[in-house]
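Q: Please go through the helix packing, the aromatic pairs and the burial in this structure, and set each label against its definition.

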Amino acid sequence: MSPQPQAAVGAPLSRVDGRLKVTGKARYAAEFDAEGVVHAVIVDASIGRGRITSIDTGDAEAHPGVLRVIHHGNAPTLPYRDNSGGSNNLPGRKVRVFQDDRVLFHGYPVAVVVATTLEAAQHGASLVKVGYDPEQSSTDLAEGEPGEPATYARGDAEAGLRDADVRLDLTYNLARNHHNPMEPHATVARWDGGRLTVWDKTQWVPGTQLELSTVFDVPLDDVRVINPFVGGGFGSGLRCWPHTVVAALAARETGRPVKLVLTRRQMYFGTGFRPSYDYRLSLGGDRNGRLVAADHRIEAETSSYETFTEAVMSPGQMLYSTPGVRQAYRTVPLDVNSPIWMRGPGAATAVYAVESAMDELAHELGIDPIELRRRNEPAQDPSNNAPFSTRRLLECYTVGAREFGWDRRKAKPRSTRDGDWLIGMGMASGVYHTGVAPAQSRARLNADGTAVVESATSDMGPGTYTAQTQVAADALGLAVRAVEYRLGDSRYPQTPPHGGSMTMASVGSATLDVCNQLRRQAIRLAVEDEESPLYGASADEVVVRGGRLHVEGDPARGESYRRLLTRNDRDRLEANTSFSPPGGERFSISAYSATFTEVAVDATLGLVRVRRMLSVYDAGRIISPKLADSQALGGMVGGIGAALLEHTVTDHRDGRIVNANLADYLVPVNADVPDLRAIYLDGEDMHADALGVKGLAELVICGVAPAIANAVFNATGRRVRELPITAETLL
């Protein structure tokens, strides 16, 4: 079979939806105004744990414009029908809004005020008086009671550590981080009889559809979720949160479409976070820099009403060849809202601890940090002995060191200055597993030579519209402008969550498959059509370029889609696909990175400034270099935030988040990111998926924080094992 020409994939195209966004025509969840829409504002609990003893809604209900105040005392019983097939992991299931008098955490939804205007709803909410029977809440990871551990072991870690030439016993503490996307979470809900439509900010359209079907006991097909644009998510939209259920409930109770938009403050206890961690790591090696053993003891916060876990154990198992490894991962139930996955979930946390420890070991042994990593590069996945599909981490080191100028780094800490600034260089490896899941898609080729492809996936910023259009255009042999990609609607074919760096691998593979089917339909029609110039040709020899079918090597023998379909009285060709990941031989499939950074630390004030950063990625095939750069630079910015700025502060007396705003919860600004650069190794990983991609969006944040921490040590000689690194820790 002749390979289909590729013109769009690999090209640095601008976003196909870019004009809509910069002109304000892209519509986000809160911008959908159903006819007759009214507004809802949630009343949040002011205690950290306990029970509601009274709710006085008189003043609120008397306020002009207020239509209803709904709470556990007057709300209908919600059935929460079990359509999970025995699973107890439906998103949002454990918080049953307004179904009892319990308060599970500070900010827990205790009532909702519905009014004709937003201002009336806001003031009405301030008039609701709630009485409580408070209980002692627990919100401090250091004082919580850990649960039973998840464990992993190979070799004899205890003996290895006991006999190691060098042993380091280290504790790393990572603060809680919040996603803080630009767009607040919002829902517009409307009932039409027994049918529910919601415009919702979500990264998982089918998941929100399933949850609402479950909560309100209506058939799945009677719930429609619409979400064409997401203004940033970073994982915060990977489940259906209580406010979405509240909006739908309020709409049903009032008989009016309801709009509910969370405030920035409410997002700190309404839509999850990256949990805080206490990561204790004992690392042992010999004098030649060979690792012999590692013991990982990990504790992370979760909520008291459900257990949240993430893949924090994997990097410590497989990043380096270590004969003896022991791990225990415990969650600590606290009176907080549930955490949720945040960019680089699990891996970014683990890599910070592992890569900081590797830097400490390199310094202790007097070995260059890159050389230490090279000496411990595994030939196969140490966690399961599976062969690597591709692993080019050594090449990442080589390219990164050359391009960054690593040879100019002075190994002795505090030996490079620029006036009052101490200068240091640091590096770190990164890894993120490649995920791929079943996905569906459908496509239509129109008689005018244009095509439409549809799936229920989302686009929270990585450029799903554009990348999927590129794949579809090449598979169909069309110009990008001739392809329309539609997403963000539960009426489209089902897809997995838009997260975990698996959209391109999963949905992209479905797009490729369905468009290949469509192209082959057209080719078959042509070679069987006696009036076609392609009649009698081998279908395997026909390719399509610019909407024109022709025999490979004989461009003159062919015709356009438009002519073919018109002559055959066909207004369209259609195809559907259900893509499933291939089975067969097992490989260890991950994407890898090496991040290099230079920092300057004010010798007097302890202020840290990132001067420049370079990351080199082994991420398989790059569909769109321009989109990839957007992802990589954004991930570096997120890593700078985690390393130097981001820290959720909780008042442990009542669980109140003290800095629940963007004035006090600090994130990087342009002045914090002067010189960032990304390099992508050429290649593809066809063991991973049909496109050969390995995912990029999660990987790009992994390794950034430890590279910065290691550079700070090189600059100052001070080893900080707590994130974020603040001026106070360096003085």
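Q: How do the axes of helix 5 and helix 6 lie to each other, in distance and in crossing angle?

A: This is a predicted model, in which local features need pLDDT of at least 70 and side-chain atom pairs count only at pLDDT 80 or more, whereas totals for chains, interfaces and linings use all residues. Residues are numbered from 1 along each chain as its sequence is written, and side-chain values use heavy atoms, with hydrogens and water left out. The axes of helix 5 (residues 205–216) and helix 6 (residues 242–254) come within 11 Å and cross at roughly 50°; helices here are DSSP runs of H or I with at least four residues, and strands are runs of E with at least two, numbered from the N terminus. The axes are lines fitted to C-alpha atoms over the stretch in contact, with angles from 0 to 180 degrees between N-to-C directions.

Q: Why are helix 5 and helix 6 called oblique?

A: Angles under 35 degrees count as roughly parallel, over 145 as roughly antiparallel, 65 to 115 as roughly perpendicular and the rest as oblique. The crossing of roughly 50° falls in that remainder, and helix 5 and helix 6 are therefore oblique to each other.

Q: Which residues of helix 5 and helix 6 meet?

A: With contact meaning heavy atoms within 4.5 Å, Thr 208, Leu 212, Val 215 and Phe 216 in helix 5 meet Thr 244, Val 245, Ala 248, Leu 249 and Arg 252 in helix 6.

Q: What makes the pair of Phe 105 and Tyr 305 stacked?

A: Rings of Phe, Tyr and Trp (its six-membered ring) pair if their centres lie within 6.5 Å, and planes under 30 degrees apart count as stacked, over 60 as edge-to-face and the rest as tilted. The centres of Phe 105 and Tyr 305 are 6.1 Å apart and their planes are at 25°, so the pair is stacked. The two residues are 200 residues apart in the chain.

Q: How do you know which label fits the pair of Trp 191 and Phe 216?

A: The rings of Trp 191 and Phe 216 lie 5.5 Å centre to centre with 75° between the planes, and the pair is edge-to-face. Trp 191 is in strand 9 (residues 186–192) and Phe 216 in helix 5.

Q: Why do Trp 191 and Phe 216 count as buried or exposed?

A: Buried means under 20% relative accessible area, exposed over 50% and partly exposed in between, with a 1.4 Å probe and protein chains only. Trp 191, at 16%, therefore counts as buried, and so does Phe 216, at 4%.

Q: What is the burial of Thr 466, and what does this residue touch?

A: Thr 466, in helix 12 (residues 464–476), has a relative accessible area of 1% and is therefore buried. Leaving aside neighbours within four places in sequence, Thr 466 is in contact with Ser 14, Arg 15, Val 16, Asp 17 and Leu 627.
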